[in-house]
Amino acid sequence: MTHRGLFYFLAPAALTVVVCAQAPSQTTSAGKKWSAPRTTDGRPDLGGVWDAASMTPLERPVELGNQEFYTPEEIVAYEKKRGHDLNRDRRDGSAEADLGRAYNDGWFDRGAHLASDRRTSRLIDPPNGRFPAMTPAAAKKYQEIHAWLVQHADDGPETRMLPDRCLVFSQSGPPFLPGNYNNYYQIVQSPGVVAIVSEMGHQARMIPVTNGIANRPSLPENMRQWQGDSVGHWEGETLVIETTNFRASDQSRFGVQYDGMSDENLRVTERLTRTGPNTISYRATVLDPTVYTQPWTIEFPMEKSESRVFEYACHEGNYGLVGILSGARAKEKAALKK
């Protein structure tokens, strides 16, 4: 069974996306220099369904230091070990470990191989492939929030993680942070607008592209959205999208892939470039100077797919959240009876 689906509609969204600088062109089997197909208005055609699933981790294993790429021999060893470690159908270990694996492996679609770029992590800057340190003020706030959540995470829907509430997912971004499943993206272009729908959450972004067109006024400072306010422009072969005006929350807006913090100063710059007949390079830089001591950047390839993107109806029958809160209330009642 596939999770892929149709791009039924496009909903307004806010995000700043920047398409990265032109990558080296590939050559065809006939030895000719490959160039991206064009849309009716002469721009590189990014349209289609693109798959970002792979075994490449978000952060680089500490022991690899600044090693950016795996050798062919290392890829074989890594994929074998990673496939074993991620296998949800294993029955070794304790009952608690078994429960922690949640659904069986048939429900996951994280990719069976390392990404085609052979990188050791999707995080490429800082050079060690690890997230930078938080500022002292942000680190203090982060610790205070999580200490509070230990006692209050189940108080109500407002204190649950944003994905639990079907509001923000790591895959839908920005930036895109591929996860355990639903890593497809469908891109539709028209003159002046690029639309991107994320399979996870079925969230769509309508991104105005300002080249040669009167700029759309930015949202006022006090108007904040979960996915921010996005405006794109072309830099050669690269679509660049810049997003500001994010709605801040005490819960991580980066989803379940990275439990990091952000605030109202967050700015995301995404870059999408066609690098071959079946590949788009995606790069995103996160700048939040009141939270992080330096910007951080991720990069990974997205591979063209003939599959479709089916609707991810998170809000329909979201019994997981109901079960969490009902269980918490039942525990409170039981405690009062003691």
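At 55% relative accessibility, Lys81 falls in the exposed class, and in this predicted model its side chain meets that of Asp85 in a salt bridge, with N and O 2.7 Å apart. Asp85 is partly exposed, at 39% relative accessibility. Both residues belong to helix α1, where a spacing of four residues places them about one turn of the helix apart.

Helix α1 itself spans residues 72–86. Its 15 residues reach 21 Å from the first C-alpha to the last, close to the 21 Å expected at 1.5 Å a residue. Ile75, Tyr78 and Glu79 are the buried residues to look for here. They lie on the same side of α1, because the arc they cover around the axis is only 100°. The face turned away from this buried side carries Glu73, Val76, Lys80 and Lys81, which are exposed. Lys81, the partner of Asp85, thus sits on the face of α1 turned away from the buried side.

A second salt bridge takes the reader beyond the helix. Glu68 pairs with Arg119, and their closest N and O atoms are 3.2 Å apart. This pair links distant parts of the chain, its members being 51 residues apart: Glu68 is in the loop between β2 (48–51) and α1, while Arg119 is in the loop between α2 (95–100) and β3 (123–125). The two ends also differ in exposure: Glu68 is partly exposed, with a relative accessible area of 36%, whereas Arg119 is buried, at 10%. Neither residue stands alone, as a network of salt bridges links Glu68, Asp117, Arg119, Arg283 and Glu299.

Arg160 and Asp154 provide a further example, with closest N and O atoms 2.6 Å apart. Here Arg160 is buried, with a relative accessible area of 15%, and Asp154 is partly exposed, at 29%. Side chains of opposite charge can pair when their charged atoms come close. A search of the whole structure finds 18 salt bridges.

It is helpful to set these details against the chain overall. The protein chain has four helices and 11 strands, and 45% of its 338 residues are buried. Of the contacts with a separation of 6 or more, 68% are between residues 24 or more positions apart. The accessible surface comes to about 17,100 Å², and carbon and sulfur atoms account for 54% of that area.

Notes:
Residues numbered from 1 in each chain as written. Predicted model: local features only at pLDDT ≥ 70, side-chain atom pairs only at ≥ 80, totals over all residues. Heavy atoms only, no water. Helix = DSSP H or I, 4+ residues; strand = E, 2+ residues; numbered from the N terminus. Expected span 1.5 Å × (residues − 1). Buried < 20%, exposed > 50% of the residue type's maximum accessible area, 1.4 Å probe, protein only. Arc of directions from axis to C-beta. Contact = heavy atoms within 4.5 Å. Areas by Shrake-Rupley, 256 points an atom, 1.4 Å probe, with all protein chains shown as cover. Salt bridge = Lys/Arg side-chain N within 4 Å of Asp/Glu carboxyl O.
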